[in-house]
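I opened a new model today and kept notes while going through it. The entries run from the whole chain down to single residues.

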Amino acid sequence: MAEPQAGATRPIRPRAGSARPVVLLAGAVVLLAVMLGSTLIGAADLGVGNVLAEIGAQLTGGHSPLTAQQAAILWELRVPRIVLAVLVGAALAGSGAAYQGVFGNPLADPYLLGAAAGAGLTTTIMVVFFPSLATNSGAIGALPAAAFVGAIGGVGLTWALGRSAGRGTATLVLAGVAVTAFLTAAQTFVQQLNTQTLQRVYAWVLGGLATTGWHDVLLALPYTVLGAVVLTGYGRLLDVLTLGDDEATALGVRPGRVRLVVLAAASLATAGAVAVSGLIGFVGIVVPHIVRRCFGGSYRCVVPVSLIGGAIFLVLADVVARTVLAPAELPIGVVTAFAGAPFFLFVLRATRTQR
């Protein structure tokens with residue numbers, strides 16, 4: 001695949017933001033508070049005091065105030081789900097910020113660029129044609145690896161189609177819509193080849209965080225962590241790219257290499273998220289734009305804060321998904337779509353105004 005170039009009419013230029021260590025520390029505190037609050041919400045009332053005492057007992061080896069059943073609910077159901085929401089939210093939001101930096105386009109995100117749809121297609125192929133690999137807990141790389149190939153392919157198709165049709169925000173978005181529609185149609189066709197998997201794949205398409213315990217967390221963890229580390233480390237270079245390729249080259253930066261590395265890292269994180277949670281849209285647009293408006297446009301701040309903000313956003317969205325129709329559960333992809341679709345229209349309108 002040829003090296004992608006910036007495709008927006010106006011690059012997203014960084015401006016001075018708040019002190020990053022302070023912002024990161026505050027975000028981490030908020031994230032921990034949200035995670036703790038989420039552990040208290042559910043059909044079984046565990047009590048905040050008991051939960052805090054249980055956490056303390058686990059850390060110090062003291063006596064647990066919870067019964068065996070309550071402890072199982074906490075550590076085998078709620079905590080893995082919350083941790084998975086943190087990983088998936090961080091991956092999608094960080095990837096969205098990175099895609100926006102790579103393409104210089106404020107509307108780029110894993111869902112709209114075809115990354116999620118590509119990952120969805122290859123994951124569905126794995127579920128339908130290679131079910132033993134898809135469900136084998138020992139095959140740690142099977143589903144995420146397939147999703148990674150699909151994510152790279154989806155983004156590559158979107159970029160190639162958008163570049164052939166011309167540059168600009170609208171062109172890239174329309175190319176992403178076309179690629180996503182095509183890949184989704186292909187996924188539907190694959191589903192029809194094995195109707196026994198329809199319910200499973202359909203639930204996966206809507207997005208969800210119902211886990212099989214810690215296995216899903218361990219499956220997504222290496223992909224999310226590796227992607228987050230690379231994206232955070234390349235924040236300064238993404239800032240340099242906003243100056244233009246000629247200026248970046250003069251400063252000793254190789255724009256093509258930077259874009260390919262960031263694109264691969266963002267797609268890796270997206271693949272890990274999609275493989276365990278399905279298609280969850282708009283996180284990569286909502287969170288980075290809120291971060292950029294609050295703390296400035298420097299990617300040295302936007303990327304790491306988006307990672308934390310995405311984690312907070314998806315934990316809160318999961319709380320809504322679990323409670324709004326209780327005891328039934330709403331797919332989390334529906335919740336993020338309700339929140340993200342109006343925000344996307346706002347960003348699109350703002351982008352048109354800037355042009």
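What follows are my notes, in the order I looked things up.

**Entry 1: the whole chain**

I noted at the outset that this is a predicted model. I looked up the secondary structure and found 15 helices and zero strands. The protein has 355 residues, and 52% of them count as buried. Next I checked the contacts between residues at least 6 apart in sequence. Of these, 79% join residues at least 24 apart. The exposed area came out at about 15,600 Å². Carbon and sulfur atoms supply 67% of that area.

**Entry 2: the nonpolar cores**

Which residues have the most contacts inside the largest nonpolar core? I found V88, Y99 and F103, in a core of 77 residues. Helix α3, residues 68-103, gives the most to this core, with 15 residues. I also noted a second, separate core of nine residues. It includes V173, I285, V286 and V347.

I then went back to Y99 and listed its contacts beyond four places in sequence. Among them are G104, A108, D109, P110, L113 and A115. Farther along the numbering, Y99 also touches V155, L263, A266, S267 and T270.

**Entry 3: cavities**

I ran the cavity count and got four of 30 Å³ or more. I picked the second largest, with a volume of about 60 Å³. Its lining takes in L92, D109, P110, Y111 and A116. The list continues with V274, G278, L279, I280, F282, V283 and G284. By class, I logged nine nonpolar, two polar and one charged residues in this lining. Two of the lining residues, D109 and P110, had already turned up among the contacts of Y99.

**Entry 4: F282**

F282 lines that second largest cavity, and I wanted its backbone. Most residues other than glycine have a negative phi. F282 is not a glycine, yet its phi is positive, about 75°. I placed F282 in the loop between α12 (255-277) and α13 (283-295). Is F282 buried or exposed? F282 counts as buried because its relative accessibility is 14%, and the cut-off for buried is under 20%.

**Entry 5: the loop between α3 and α4**

I looked at two residues here, N105 and L112. The loop that holds N105 runs between α3 and α4 (115-129). N105 has 0% relative accessibility, so I logged N105 as buried. I also took a C-alpha separation for N105 and V173, and got 9.4 Å. These two are 68 residues apart along the chain. V173 is one of the residues in the second core.

L112 is also in the loop between α3 and α4. It counts as buried, at 14% relative accessibility. Its C-alpha lies 6.4 Å from that of V177, 65 residues away in sequence. Leaving aside neighbours within four places, L112 is in contact with L107, G176, V177, T180, I285 and F344. Of these contacts of L112, I285 is a residue I had noted in the second core.

**Entry 6: F343**

I found F343 in helix α15, residues 332-354. Its relative accessible area is 19%. F343 is therefore buried, since the cut-off is under 20%. Which residues does F343 contact beyond four places in sequence? I listed I285, V286, H289 and I290. For V286, the C-alpha to C-alpha distance is 6.6 Å, with the two positions 57 residues apart in sequence terms. Both I285 and V286 are included in the second core.

**Entry 7: S38**

S38 sits in helix α1, residues 20-39. With a relative accessible area of 1%, S38 is buried. I asked which residues S38 touches beyond four places in sequence. The answer is I82, V315, V319 and R322. One of these, I82, falls within the residue range of helix α3.

**Entry 8: V225**

I closed with V225, in helix α9, residues 214-233. Is V225 buried or partly exposed? V225 counts as partly exposed because its relative accessibility is 41%. I paired V225 with A269, 44 residues apart along the chain. Their C-alpha atoms are separated by 7.9 Å.

Definitions and conventions. Residues are numbered from 1 along each chain as its sequence is written. This is a predicted model: local features need pLDDT of at least 70, side-chain atom pairs count only at pLDDT 80 or more; totals for chains, interfaces and linings use all residues. Side-chain values use heavy atoms; hydrogens and water are left out. Helices (H or I, at least four residues) and strands (E, at least two) are DSSP runs, numbered from the N terminus. Buried means under 20% relative accessible area, exposed over 50%, partly exposed in between (1.4 Å probe, protein chains only). Contact means heavy atoms within 4.5 Å. Accessible areas come from the Shrake-Rupley method with a 1.4 Å probe; for residues, only the protein chains shown count as cover. On a 1 Å grid over the protein atoms alone, a cavity is a set of points where a 1.4 Å probe fits but cannot get out, and a pocket is an open set with protein on both sides within 12 Å along at least five of seven lines; lining residues have an atom within 4 Å of a point. Grid points are joined across faces, edges and corners, and a volume is the space filled by probe spheres set on the points. Ala, Val, Leu, Ile, Met, Phe, Trp, Tyr, Cys and Pro count as nonpolar, Asp, Glu, Lys and Arg as charged, and the others, Gly among them, as polar. A nonpolar core is a set of buried Ala, Val, Leu, Ile, Met, Phe, Trp, Tyr and Cys residues joined through side-chain atoms within 4.5 Å.
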